[in-house]
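Grab your viewer and work through these exercises. Try each task before you read its solution.

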Amino acid sequence: MEIIKNNLKQHSYSSLSNEFYSEQLQQPLNDPYLIHVNKSLLSELGLSKESHEVLMNIFNGNVQIPGIQGISMNYAGHQFGQYVQQLGDGRGILLGELKIKDEFFDIHIKGSGKTTYSRFGDGRAVLRSSLREYLCGEAMNGLGISSSRSLMIFGSHDMVYREKSEPAAMIARTAKTHIRFGSFEKFFHDGLLDRHKELSDYVIYKYLPKANKYKNKYSYLLESIVTKTASLIANWQSVGFCHGVMNTDNMSILGETIDYGPYGFIDKFNPAHVCNLSDSSGRYSYQNQPYIGKWNCSALAHTFGHLIDKEEIGRIMSLYEDVYGKTLFNLYKAKLGLKKKDNGDELLIQELLNIMEVEKLDFTRTFRSLSNIIKNNHLVKTDKSLKSWSEKFQQRHQHESDDEDSRVKQMNQTNPKFILRNYLVQNAIDKAEEGSYTEIDNLMELITKPFNENLKYEKYAEESPDWAADIGLSCSS
Ligand code: AMP
Ligand code: MG
């Protein structure tokens, strides 16, 4: 208890005006039990020596840390394009924050019971969706993509009702911030421009002190959010990640992936892939993500009209496509093992993606197999359709100056061998619901080192079985 007691601090967000949050206690789950503990994250946050049971009891709300008052954050957001004026943490509390060197880490509990902002919800999260979030935070981190991560997941025999009755769970997650685009939208659309400015000043003070050096610090703030978002989404595209619910209340202002719902990594490449059954129009399909990222940035930028002039907002918004395009191009070049400038590269990448789409090739396996074309000068069986493309690809590699080994190495450090496929998560959920957690261990081992070969787990790198296509994921969680 001493370690967490000495390190966890009251969150500075609670120094803001009343409209920003409400004080909140968790409603503990009955007889909680640990499902999985993220030991490496605990250690990164200086909590490795703390007892897991103690931490669980604090996160569950059975034990309070003196001087710490949890809060639920107030925000709004555009959901599927419609503005919703009142959202907020309906089932979560920001328990406090840790400061590690010069960085802050929020400790947020999800599934912790009803709050001021619960509306019609029960304040709970089911084991299924909690485990999905727990695993994907690590998968993204393993891939080198900015994300919230979870310290632990614990469950209870308390049941909650979604489409059916399901066991409840909570996760304790960390992120640099839980401030969302929707946090800014809330105060702007409520007509509270002073509050909007108060939030902007807080974010600059806490996360972007550099902004103070600029003529208009708010302009720097908005630019930072827009460019970080563009870069994040380019990173998602490069690994075939679909977020599923890119509502503005699920967009972090520091460009971290947050609020995992019906996400998915693409199996057979289909740019129109939609991973969320509730998304009937395909608004958040894989190929729309970059546009939606920009749409979300526009919704945010609109709220800055009282702090930044119109032309400047236009300039900042125009950076989105630049940053997105350049970041994605560089990521694809790295995936292809290419460093030198060559005017044909854009076409080479596009041709590959076209073949992958037409031939319905597996996204992850195809990219991973590219290093074989260079190294062994051959194609694995499934890649027949890539034959003529790979001749061009080999020729292009002739112009590189790094030796073959380092090019191959770079490709294998950029194209994961293992990806968190939906069916793998589903298997782990099915086992966890029966009380067995070894599958979580197996997945954690793979997703935290997704670029390594791991012979013991070869079958986890195979294509998804046909039944995976029937796993329907909706917003219900
Ligand atoms: P999400 O789709 O999980 O990002 O949630 C959208 C909004 O609904 C947020 O304001 C959540 O806090 C709220 N919400 C989602 N599920 C629940 C629930 N079971 N109880 C209360 N609020 C919820
Ligand atoms: Mg959310």
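Let's call a pair of N or O atoms within 3.5 Å a polar contact; within protein, one must be able to donate a hydrogen and the other to accept it, and residues adjacent in sequence count only if both atoms are side-chain atoms. The model is predicted, so local features need pLDDT of at least 70 and side-chain atom pairs pLDDT 80 or more, while totals for chains, interfaces and linings use all residues. Residues count from 1 along each chain as written, chains are lettered from A and ligands numbered from 1 in written order, and side-chain values use heavy atoms, without hydrogens and water.

**Exercise 1.** Find the polar partners of ligand 1's nitrogen atoms.

*Solution.* Start with D122, which has a polar side-chain atom 3.0 Å from a nitrogen atom of ligand 1. Next, R91 puts a polar side-chain atom 3.2 Å from a ligand nitrogen. Then check the backbone: a polar atom of G123 lies 2.8 Å from a nitrogen of ligand 1.

**Exercise 2.** Sort the shell around ligand 1 by residue class.

*Solution.* Eight residues are charged, seven polar and two nonpolar. Here Asp, Glu, Lys and Arg are charged, Ala, Val, Leu, Ile, Met, Phe, Trp, Tyr, Cys and Pro nonpolar, and the others, Gly among them, polar.

**Exercise 3.** Place ligand 1 among the domains.

*Solution.* First, split the chain by an automatic or database assignment: domain 1 (2-178), domain 2 (182-333), domain 3 (338-412) and domain 4 (424-466). Domains 1 and 2 both give residues to the shell, so ligand 1 lies between them.
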